[in-house]
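This report looks at how aromatic side chains meet in one protein model. Please view the sequence and the structure before reading on.

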Amino acid sequence: MEGEKKRSVDSETSGKERKKVKISEEDKQESSSVDKSLISEETPKNKRTMGSHSNGNTVATLDMCEFCFDVLMAHFFKKFDKPSPTFTNDSYPLFVTWKIGNKMSLRGCIGTFTSLSLHKGIKEYALTSAMNDSRFNPVSKHEISQLSVSVSLLVGFEDGTDYLDWTVGVHGIKIEFLYGRSTKTATFLPDVAKEQGWTKEETVESLLKKAGVRSQMTQALKDSIKLIRYRSEKVEMDFEEYLTRRQNVPELLNGCYVPLTNGQSSSKYSNGYRQ
């Protein structure tokens, strides 16, 4: 009798445990469903869009890229509404990069290692990188429809033990060294070496050239480099995606804009940056 009672109690206990497990699994499925829904709404479907909260970023958002286009539009078109940022105004070192055409050729990239409030900093460097990069002519309004923009917020600064103490595709690097009687500095953002297919040695040599070294790059020169490595939170947006957020843009461009079709360039004007 006691044995049957014990088996009955065990059976009830086992049933309760199974019920708990079942509820727990349902809760997990429901939670997973909610998370996917949020990601779907916040992350536009764009192959060239990189970086968002769902991709590991904690600060950088696509609103920052949209704001960069807004700043550029307001520069060229007085009828365009004054840009109003909707993202955090925390302070970070940052870079703004403009690229052009289907091959995403560099069109301008300028930033700062000084922490700036994001509202002020992104506004300043969105325009500075488009208009004042000495390597290129200023961007014209006829090129806007071919542009894409990326915002990189720099984080995780660390001193390297030597000029090779960093990882391709993970770190950006800033080098500082004495050349002649002056101190030279230069930087590459984290994605540069990977995009170019460079080794760490090749990256540093390219960075030395960028800093102005024209003589032989001796091992002694490389060993004298003070290197700082860092990471970045990066978001990117092209003009086509920007249009989905700003419906009045084609009217303002007034003939400069031709809708993108089949991935082709959207500008009807021929220029030296079209690939």
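The text below describes aromatic pairs, where their residues lie, and a charge over a ring.

The model is predicted. Two rings count as a pair here if their centres lie within 6.5 Å. By this rule there are eleven aromatic pairs. Two of them are set out in the table.

| Pair | Centre to centre | Angle between planes | Geometry |
|---|---|---|---|
| Phe69 and Trp98 | 5.3 Å | 80° | edge-to-face |
| Phe113 and Tyr230 | 5.6 Å | 80° | edge-to-face |

The pair of Phe69 and Trp98 links distant parts of the chain. Phe69 belongs to helix H2 (residues 62-76), while Trp98 belongs to strand E1 (residues 91-100). The two residues are 29 residues apart. Both Phe69 and Trp98 are buried. They also take part in a cluster, in which ring pairs link Phe69, Trp98, Phe239 and Tyr242.

The other pair in the table joins two strands: Phe113 is in strand E2 (residues 105-117) and Tyr230 is in strand E6 (residues 226-238). The pair therefore ties together parts that are 117 residues apart in sequence.

Are Phe113 and Tyr230 buried or partly exposed? Buried means under 20% relative accessible area. Phe113 has a relative accessible area of 27%, so Phe113 is partly exposed. Tyr230 has a relative accessibility of 0%, so Tyr230 counts as buried.

Phe113 has a further neighbour in Lys174. Lys174 lies over the face of the Phe113 ring, at 4.7 Å from the ring centre.

Notes:
Residues numbered from 1 in each chain as written. Predicted model: local features only at pLDDT ≥ 70, side-chain atom pairs only at ≥ 80, totals over all residues. Heavy atoms only, no water. Phe/Tyr/Trp six-rings, centres within 6.5 Å; stacked < 30°, edge-to-face > 60°. Helix = DSSP H or I, 4+ residues; strand = E, 2+ residues; numbered from the N terminus. Buried < 20%, exposed > 50% of the residue type's maximum accessible area, 1.4 Å probe, protein only. Lys NZ or Arg CZ within 6 Å of the ring centre and 35° of its normal.
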